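Dear colleague,

I am handing over the structure we spoke of, and below it you will find notes on what turned up when I went through it. Please read them with the coordinates open beside you.

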Amino acid sequence: LEFMIDEDDDKYMLEAWEDMPCMFNFTPKANVSGMIEAMLNVSDEEGGFTHQTLWFNIEGVNDAPVGAFAADTPASFMVVTGENITVTVEASDVDMDDITYIWKANDEVIAGQDTATLDYGWDTAGTYNVAAYINDGFGEIMVGNFTVTVEVDNTAPVITSATAYPTGLDP
């Protein structure tokens, strides 16, 4: 007898056992779930043939979202107090789950939930480790981090008006 299963390269892979040609290893492809149909064909040397539909119910598993900073994101920023930085995360989820974004500076949330772009300015001088996280509702994944060094904006005083008095005279 000869055993064959029609293959669907988009949904699964089959491998026949060497020592038992009627046994197969069935491996679903990544991100495939639901009912999968395969056709088992059996034939003999005398031309006899029969077939049977096989059904496999593949339970889906959640795949974590993937993300990265936009290509032009530097590893560090130098800004003055009040100056904003703008950084974008590009993320996707093969399961089509909604993605939320969380931005943390020194482990404290500074922005998040629905924005892939951080537009933020610091009022206090210091060095901040900023990390971006994405979440598909099944777990939080860190995208990456960068540092922001904030210096005090040292604006020189500006003279707006002046009155001159001759030397030796009291005003």
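N106 is partly exposed, with a relative accessible area of 39%, and this residue sits in the loop between strand 9 and strand 10 (108-113). Please keep in mind throughout that the model is a predicted one. Although N106 is not a glycine, its phi is positive, at about 50 degrees. Most residues other than glycine have a negative phi.

M96 also has a positive phi without being a glycine, in this case near 65 degrees, and its place is the loop between strand 8 (84-92) and strand 9 (100-105). With a relative accessibility of 70%, M96 counts as exposed, because the cut-off for that class is over 50%.

A positive phi also appears at G137, where the value is near 90 degrees; this glycine belongs to the hairpin of strand 12 and strand 13, which has four residues between the strands. The two strands of that hairpin, strand 12 (residues 126-135) and strand 13, are paired in the antiparallel sense over 10 bridges, and within this pairing A131 has N145 of strand 13 as its bridge partner.

Strand 13 (residues 140-151) is also joined to strand 7 (residues 76-80), this time in parallel and through five bridges. Here the residue of strand 13 that partners V80 is E151.

On charges, how many salt bridges does a search of the whole structure find? The search returns one, and it is formed by E140 and K104, whose closest N and O atoms are 3.8 Å apart. Since E140 lies in strand 13 and K104 in strand 9, the pair ties together parts that are 36 residues apart in sequence. As for the surroundings of the two side chains, E140 counts as partly exposed at 38% relative accessibility, whereas K104 is buried, its relative accessible area being 18%, which is under the 20% cut-off.

Finally, there is a patch of negative charge on the surface, where D6, E7, D9 and D10 gather. One of these residues, D10, lies in the loop between strand 1 (2-5) and strand 2 (12-16), and at 65% relative accessibility D10 counts as exposed.

With best regards

Terms used:
Residues are numbered from 1 along each chain as its sequence is written. This is a predicted model: local features need pLDDT of at least 70, side-chain atom pairs count only at pLDDT 80 or more; totals for chains, interfaces and linings use all residues. Side-chain values use heavy atoms; hydrogens and water are left out. Patches are made of residues with over 30% relative accessible area and no salt bridge: like charges are joined within 9 Å, nonpolar side chains (Val, Leu, Ile, Met, Phe, Trp, Tyr) within 5 Å. Accessible areas come from the Shrake-Rupley method with a 1.4 Å probe; for residues, only the protein chains shown count as cover. A salt bridge is a side-chain nitrogen of Lys or Arg within 4 Å of a carboxyl oxygen of Asp or Glu. Lys and Arg count as positive and Asp and Glu as negative; His and the chain ends are not counted. The place of a charge is taken as NZ of Lys, CZ of Arg, CG of Asp or CD of Glu. Buried means under 20% relative accessible area, exposed over 50%, partly exposed in between (1.4 Å probe, protein chains only). Two strands pair if DSSP finds at least two bridges between them.
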